[in-house]
Amino acid sequence: MNETEKMLFDSINSLFENISLKELKFINLELSKKYKKQKQKTFASDKERLAYIASRMPATFKAIEYSLNEIINISPSIKIKTVLDLGAGPGTSLWALLSVFNLQNEEIKTSLSNICLVEKDEKMIFYAKKLLENFNKISKKITFEKKDILKIKNYDFDLVMLSYVANELKNYQIDKIINRWFFSKSKIIVFVEPGTKYGFTNIKYIRDKLIKKGCNIIAPCPNTLKCPMPKNDWCHFYVRVKRSKIHKYIKGGSLGYEDEKFSYVIATKENVKNPKARILRFVKKTKQEIHFTLCKDGKVLIEKVLRKDKKRYKMVKKLNWGDVFDV
Ligand SMILES: C[S@@+](CC[C@H](N)C(=O)[O-])C[C@H]1O[C@@H](n2cnc3c(N)ncnc32)[C@H](O)[C@@H]1O
């Protein structure tokens, strides 16, 4: 756990000092039912907002952090100083940005100079600010706008983010956002959604739109060919999230962690040096070989690497689901 993550988890915990966790647990259950039915459009109460922060924010933070790291892995020379976060909620993306670009990767020296968070729910902005209270170092660079994201016209930020928002938008609204981004000076756009069939349907729709406009894909796709994912399957990845006591209690889980599944797409108008392939599933190892399920050359295929092929085996033996496969 890095410093930023620790601070976020501490800030989340401190929000719940005087709140009935029993009630929150019940509300969280209702909230997840709504999400499962894709019915969540606005937070109906303050308890729903808090339930979202307690139960979802640690996991969505990790998923966004993972996605942002792919920008550094695939396109390390793209400089990111300014960010527009559309549908910012409690500021989840902001924390992921700080984790990836400010503190962890000293060698990148990407100092974020301006992060603009747009959110229509005033109370969520209140909580986003509250979570940042102890994070004095960066507070000057952050601006909050209480606004409908569809009214935002200025996309001239290096990076534009939409995390867990696309499923609250209609396709024509997504098109509008993609168009505005495309004709702006922005370099990169990131979408992160739940790693469900429905979440992936949104990501695939967005990917197709961006490619049609001539954009390149930074991640996860290793090319801009037609997506080869079969109809009943979906492209998703996962992050392991450590559960705090509160997290464990309101989710009713016994394990000290949970695996958060997510789908994402990162596109750019700049050139990209794509890897050969990306690993789409858990890697299977036998005594003789390793099996990788890959997205490669516009196909989903299995590639085997024999243990006796020592040079190649050494290069791939530590790779896992979600990693690039470039040998
Ligand atoms: C599921 S939350 C995700 C929040 C945050 N991005 C995250 O990753 O945790 C979706 C947020 O988008 C906001 N939102 C949805 N549609 C919006 C719109 N048209 N304008 C502004 N905010 C919007 C909601 O109020 C909500 O806070």
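This is a guided tour of a predicted model, moving from the whole chain to the domains, the core, the ligand and a few individual sites.

**The whole chain**

Begin with everything displayed as a cartoon, where the secondary structure comes to 10 helices and 13 strands. The radius of gyration is 20 Å, close to the 20 Å that the globule rule gives for 327 residues, so the protein is as compact as a globular protein of that length. Turned onto its principal axes, the C-alpha trace spans about 60 × 50 × 40 Å. Buried residues make up 40% of the 327 residues, and among the contacts with a separation of 6 or more, 76% join residues that are 24 or more positions apart.

**The two domains**

Next, colour residues 3-268 as domain 1 and residues 277-325 as domain 2, following the domain assignment of the protein. The centres of the two domains, taken over C-alpha atoms, are separated by 29 Å. Where they meet, the contact takes 11 residues from domain 1 and 10 residues from domain 2. On the side of domain 1 that touches domain 2, the residues divide into nine nonpolar, one polar and one charged.

**The largest nonpolar core**

Now select Val83, Leu97, Ala128, Val190, Phe191 and Ile266, which are the residues with the most contacts inside the largest nonpolar core, a set of 87 residues. Add helix α4, residues 57-74, from which the largest share of this core comes, namely nine residues. Both domain 1 and domain 2 give residues to this core, so it lies between them. As general background, nonpolar side chains in soluble globular proteins tend to be buried together.

Staying with the core, centre the view on Ala128 and display its contacts beyond the neighbours within four places in sequence: these are Ala88, Pro90, Gly91, Leu117 and Phe144.

**Around the ligand**

Which residues are the closest to the ligand? Select Gly87, Gly89, Thr92, Lys120 and Ser163, which are the closest of the 19 residues that surround the ligand. Extending the selection to the whole shell, one finds that α4, α5 (92-104) and β2 (114-119) each supply at least two residues. Coloured by class, the shell has eight nonpolar, six polar and five charged residues.

**Helix α3**

Move to helix α3, residues 46-55, where seven of the 10 residues are buried, so the helix is largely enclosed by the rest of the structure. The buried residues to highlight are Arg49, Leu50, Ala51, Tyr52, Ile53, Ala54 and Ser55.

**Two loop positions**

Select Gly195, in the loop between β5 (188-194) and α8 (197-212). Is this residue buried or exposed? Gly195 has 21 other C-beta atoms within 10 Å and is therefore buried, the cut-off for that class being 20 or more. Leaving out residues up to four places away in sequence, Gly195 touches His236, Phe237, Tyr238, Lys261, Phe262 and Ser263. A distance drawn from Gly195 to Tyr264, C-alpha to C-alpha, comes to 8.3 Å, although the two are 69 residues apart in sequence.

Finish at Phe135, whose place is in the loop between α6 (122-131) and β3 (142-146). Phe135 counts as partly exposed, because 16 C-beta neighbours lie inside 10 Å. Drawing the C-alpha to C-alpha distance from Phe135 to Ser11 gives 9.3 Å in space, for a pair that is 124 residues apart in sequence.

Definitions and conventions. Residues numbered from 1 in each chain as written. Predicted model: local features only at pLDDT ≥ 70, side-chain atom pairs only at ≥ 80, totals over all residues. Core = buried A, V, L, I, M, F, W, Y, C linked by C-beta atoms within 7 Å. Buried ≥ 20, exposed ≤ 12 C-beta atoms within 10 Å, placed from the backbone. Helix = DSSP H or I, 4+ residues; strand = E, 2+ residues; numbered from the N terminus. Domains from an automatic or database assignment. Contact = placed C-beta atoms within 7 Å. Near = placed C-beta within 6 Å. Nonpolar A, V, L, I, M, F, W, Y, C, P; charged D, E, K, R; others polar. Rg over C-alpha atoms; globule rule 2.2 N^0.38 Å.
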